[in-house]
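Subject: Handover of a structure

Dear colleague,

I am passing on the structure below for your records. Please look through it first, and then read the notes that follow it.

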Amino acid sequence: MTNNRIYAKHRRISAWQCGAFLASLSLAVAIDIMAPSVCYATPQSQTQSHITLKDAIGQRLIANERMSWELAIKGEATSYKAFHAPDFFTVSGTGVTNRELSEASAMDSKVHFDQCDLSGFDVRFVAENAVLITYRVKAAGLDHGKAFQLDSYASSLWMKRNGQWLNVFYQATPAPTQ
């Protein structure tokens, strides 16, 4: 049933009044729709600084990963070992290796790299203080006088402990041959 009183009142509105009414109605609807998003939106500067902080941490850990390889290749044991947590371990085709054996293997003076290329880095924050880095390793050299070619996918888990980012886990998986 139509309320004739309301209908009659609106019937007498001029075109200008109708336009003003629709404009104010549109504004009210727009405010009603936008207000929640404005009230609950994260300020852009906070979002950008949060992303920038994560990007900076990721870039720093990629640099640490690269430096770790460089130090191992140069045989700089003390600096290389400083990147590892006390409970650091590696996983490879031969199984799980503890920190001591893994570091000894990396410092083997009878392994020489002629070339080592790290590429395709991906950084994933798996927790507030845990970052998983994945990448590809292509290398060649001599292992106890025998030539080797290495093409693997690698992953390292870095964790922030007592304010310091340390490598806790490393795994290498051979890339499929083509």
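Two strands are said to pair if DSSP finds at least two bridges between them. Strands of a sheet pair through backbone hydrogen bonds, either parallel or antiparallel. Please bear in mind that this is a predicted model.

The sheet

By that definition of pairing, 6 strands form an open sheet. Their order is β2-β1-β6-β5-β4-β3, and the pairing is mixed. At the edges lie β2 (95–98) and β3 (111–127), each of which pairs on one side only. From one strand to the next, the twist averages 20°.

One pairing may serve as an example. Strand β6 (residues 164–174) is joined to β5 by 10 bridges, and the two run antiparallel. Within this pairing, Tyr153 has Thr173 in β6 as its bridge partner.

The salt bridges

Side chains of opposite charge can pair when their charged atoms come close. How many salt bridges does a search of the whole structure find? The search finds 5, and three of them are described here, beginning with one that involves the sheet.

Asp151 and Arg136 form a salt bridge through their side chains, at 2.9 Å from N to O. Asp151 belongs to strand β5 (residues 146–161) and Arg136 to strand β4 (residues 130–143), so this pair ties together parts that are 15 residues apart in sequence. β5 and β4 also follow one another in the order of the sheet. Asp151 is partly exposed, at 27% relative accessibility.

A salt bridge also links the side chains of Lys74 and Glu70, where the N to O distance is 2.9 Å. Where do these two residues stand relative to each other in helix α3? They are 4 residues apart in that helix (residues 44–74), and therefore about one helical turn separates them. Is Lys74 buried or exposed? Lys74 counts as exposed because its relative accessibility is 52%, and exposed means over 50%. Glu70, with a relative accessible area of 37%, is partly exposed.

In a further salt bridge, the side chains of Arg124 and Asp122 meet at 2.7 Å, N to O. Arg124 has 51% relative accessibility and so counts as exposed. Asp122 has 29% and counts as partly exposed.

When you view the model, you may wish to begin with the sheet and its strand order, β2-β1-β6-β5-β4-β3, and then turn to the salt bridge between Asp151 and Arg136.

Yours sincerely,
A colleague

Methods: Residues numbered from 1 in each chain as written. Predicted model: local features only at pLDDT ≥ 70, side-chain atom pairs only at ≥ 80, totals over all residues. Heavy atoms only, no water. Salt bridge = Lys/Arg side-chain N within 4 Å of Asp/Glu carboxyl O. Buried < 20%, exposed > 50% of the residue type's maximum accessible area, 1.4 Å probe, protein only. Axes fitted to C-alpha atoms, helices over the stretch in contact; angles between N-to-C directions.
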